[in-house]
Structures are given as structure tokens and as C-alpha cells.
Amino acid sequence: MSVSFKTPARSVPTVGAMAPTLDLIGMVSSDLPRSLAFYRRLGLDVPADADAAPHVEVALPGGLRLAWDTVETIRAFDPDFTPGSGGGASLAFRCADPAEVDRLYADLVAEGHEGHLPPWDAYWGQRYAVVLDPDGNGVDLFAPLPRS
């Protein structure tokens, strides 16, 4: 589990006048309709007709994009591609409050998604849980804990 997004950003040296800009997070799915349904359940606005597409993108707040490709799409340009077992990427979804972390985790597990780490109060001041998406990628659910 990575907690790197909880630490301040460091200055990144640049080459030339411009540093690369993160624009898209790509994920490969072995069952695209199931993956898209999972991420819709987490509130992403994925069009209903996207289930049959080989490549799907959604715009996220702030201009970043999230994309999914089928294994076949990736193999079209990388014939030796072998899907991983998840764990190579994770997405973190901020919840409204600690109770929503608990509720959403319980709902997703009840719907058949694999729970990885049940909700707990993390030492860095957040209610935290991890559920796996249909391809085994970790999806973090978190919310700040009330200050005492």
C-alpha cells in the first residue's frame, strides 16, 4: 500500500523548458464491462454504451483522464503483453466521512468485490480501507478522521 499521496510533492528537475505533465492513468481490464460497472459504482461517470468499446476514457476533475483498455487492445500493439495480477496500480477515492468508508467498503464486498483491507483508523489520520477491482487492482477508500 502506498501512502505517497499524503506527503508533500517534491520539486522535480526538468529537461528543457517544460516538464512532462501527467495526463492519463491507464488500466488494462480482462473484463471491461465488469470493471466499468465497478468504477461506475464508485461514482465515475462512465457512459453506459462504453461496455462494448475496446478503449474507454473518462475525464476527471482537474483535467486528468482515466482510461481502460481490453487485453486484446493492448496486444494489438504489444503482442507479448501479459496481464499482471493487480497490485501494480491503485486508485484512491476520498469519501465524505469515515462512516462512508465503512458503508462503501461493506456494500462493495456484499456485491461480490474482494475486500483486501477492511476499514481501520490509519496512523496518518484517515479512515482507510482497500477493496480490489475486478482485475485485482487495489482501490483505496479514505476519509479524514475527526480531530480530537
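These are my notebook entries on a three-stranded sheet and the helix that packs on it.

Entry 1, the model. I'm working from a predicted model here.

Entry 2, strand order. I looked up the sheet and found it open, with three strands in the order β1-β3-β2 and mixed pairing. β1 (24-29) and β2 (55-59) sit at the edges with a single partner strand each, so one side of each has no neighbour in the sheet. I also checked the twist: neighbouring strands are turned by 20° against each other on average, ignoring direction.

Entry 3, β1 against β3. I found these two running parallel, joined by six bridges. I picked out V28, whose bridge partner in β3 is D69.

Entry 4, β2 against β3. This pair is antiparallel, and five bridges join β2 to β3 (residues 65-70). I noted two facing pairs: E57 has A67 as its bridge partner, and V58 stands opposite L66.

Entry 5, the turn. What lies between β2 and β3? I see a hairpin with five residues between the strands. G62 is in that turn, and I read a positive phi of about 90° for G62.

Entry 6, the helix. Which strands does α1 touch? Helix α1 (residues 32-41) packs on the sheet and touches β1, β2 and β3. I get about 155° between the direction of α1 and that of β3.

Entry 7, burial of β3. I went through its six residues with buried taken as under 20% relative accessible area. Five of the six come out buried, so β3 is largely enclosed by the rest of the structure.

Note on methods:
Residues numbered from 1 in each chain as written. Predicted model: local features only at pLDDT ≥ 70, side-chain atom pairs only at ≥ 80, totals over all residues. Heavy atoms only, no water. Pairing = 2+ DSSP bridges. Axes fitted to C-alpha atoms, helices over the stretch in contact; angles between N-to-C directions. Contact = heavy atoms within 4.5 Å. Buried < 20%, exposed > 50% of the residue type's maximum accessible area, 1.4 Å probe, protein only.
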